[in-house]
Amino acid sequence: YLAGQDIGFLYFLAPDKKTVYYDYMSDDINVYGDVSRTDMVLERVESMEIPYVYPEKEFLEAKETQQIYNVKYDALHWNDLGNFLGNKLIDNELQKLNSQIVPLNEE
């Protein structure tokens, strides 16, 4: 629908904490069948050819050197660094659609 209206759209699916910090989670946490809900959503988005960002790889790399989810309070959500990383990845993709968008940087 949006493409027909010449309106750009980008879907963002945030990895949850158990996906990134799987080594700290129980193996059976939120397991329902063989296919994860995330995989189901991504399959559907891909089949519909919707542009999307799913930064699982980037978050897994970042966690090796930085803490990107809150530890003590609201422990299921990103901290400021995780938020920065997610938004930077969104900006990078949006810049492909509109060159006037300037991606976030640490400065």
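A14 lies in the loop between β1, residues 11-12, and α1. I begin with this residue in what is a predicted model. Is A14 buried, exposed, or partly exposed? Its relative accessible area is 37%, which falls between the 20% and 50% limits, so A14 is partly exposed. Leaving out residues up to four places away in sequence, A14 touches Y54 and W78. The second of these partners, W78, is 64 residues away along the chain, yet the C-alpha atoms of A14 and W78 are separated by 9.6 Å.

Let me place that loop within the overall fold. The secondary structure of the protein comes to four helices and two strands. Read from the N terminus, the order of the elements is β-α-α-β-α-α. What share of the contacts with a separation of 6 or more comes from residues 24 or more positions apart? That share is 58%. Of the 107 residues, 22% count as buried. The protein exposes about 8,200 Å², and carbon and sulfur atoms supply 50% of that area.

A word on confidence. The mean pLDDT of the protein is 83, and 86% of its residues reach 70 or more. Which elements have the lowest and the highest mean pLDDT? Helix α1, residues 17-20, has the lowest at 78, and strand β2, residues 52-53, has the highest at 94. As a general caution, predicted coordinates should not be read in detail where pLDDT is low.

I turn next to N79. This residue is found in the loop between α3, residues 56-62, and α4, residues 80-97. Its relative accessibility is 16%, and N79 therefore counts as buried, the limit being under 20%. What does the side chain of N79 reach? It reaches the backbone nitrogen of L81, at 3.0 Å. With neighbours within four places in sequence set aside, N79 is in contact with Q67, I68, Y69 and N70.

The residue that follows in the numbering, D80, lies in helix α4. Here the accessibility is of another kind: at 69%, D80 counts as exposed. D80 can also be related to Q67, one of the residues in contact with N79. D80 and Q67 are 13 residues apart in sequence, and their C-alpha atoms are 9.7 Å apart in space.

Staying with helix α4, I come to the charged pair. How many salt bridges does the count give? The count comes to one. That salt bridge is formed by K96 with E93, and the closest N and O atoms are 2.9 Å apart. Both K96 and E93 lie in helix α4, three residues apart, which is about one turn of the helix. As to their surroundings, K96 is exposed, with a relative accessible area of 64%. E93, at 27% relative accessibility, counts as partly exposed.

Now to the N-terminal end and the backbone. Y1 lies in the segment before β1 and, at 77% relative accessibility, counts as exposed. Which residues make the nonpolar surface patch of about 440 Å²? The patch is made by Y1, L2, I7 and F9.

D6 is found in the segment before β1 as well. At 73% relative accessibility, D6 counts as exposed. Its phi is near 60°, a positive value in a residue other than glycine. For context, most residues other than glycine have a negative phi.

A second case of this kind is E49, whose phi is near 55°, again positive in a residue other than glycine. Where is E49 placed? The position is in the loop between α2, residues 37-47, and β2. E49 counts as exposed, with 71% relative accessibility.

To close, I return to the two loop residues discussed in most detail. A14 is partly exposed and touches Y54 and W78. N79 is buried, and its side chain reaches the backbone nitrogen of L81. Thank you.

Technical notes
Residues numbered from 1 in each chain as written. Predicted model: local features only at pLDDT ≥ 70, side-chain atom pairs only at ≥ 80, totals over all residues. Heavy atoms only, no water. Buried < 20%, exposed > 50% of the residue type's maximum accessible area, 1.4 Å probe, protein only. Polar contact = N/O pair within 3.5 Å; in protein donor to acceptor, adjacent residues only side chain to side chain. Contact = heavy atoms within 4.5 Å. pLDDT = per-residue confidence, 0-100. Patch = residues over 30% accessible without salt bridge, like charges linked within 9 Å, V, L, I, M, F, W, Y side chains within 5 Å. Areas by Shrake-Rupley, 256 points an atom, 1.4 Å probe, with all protein chains shown as cover. Salt bridge = Lys/Arg side-chain N within 4 Å of Asp/Glu carboxyl O.
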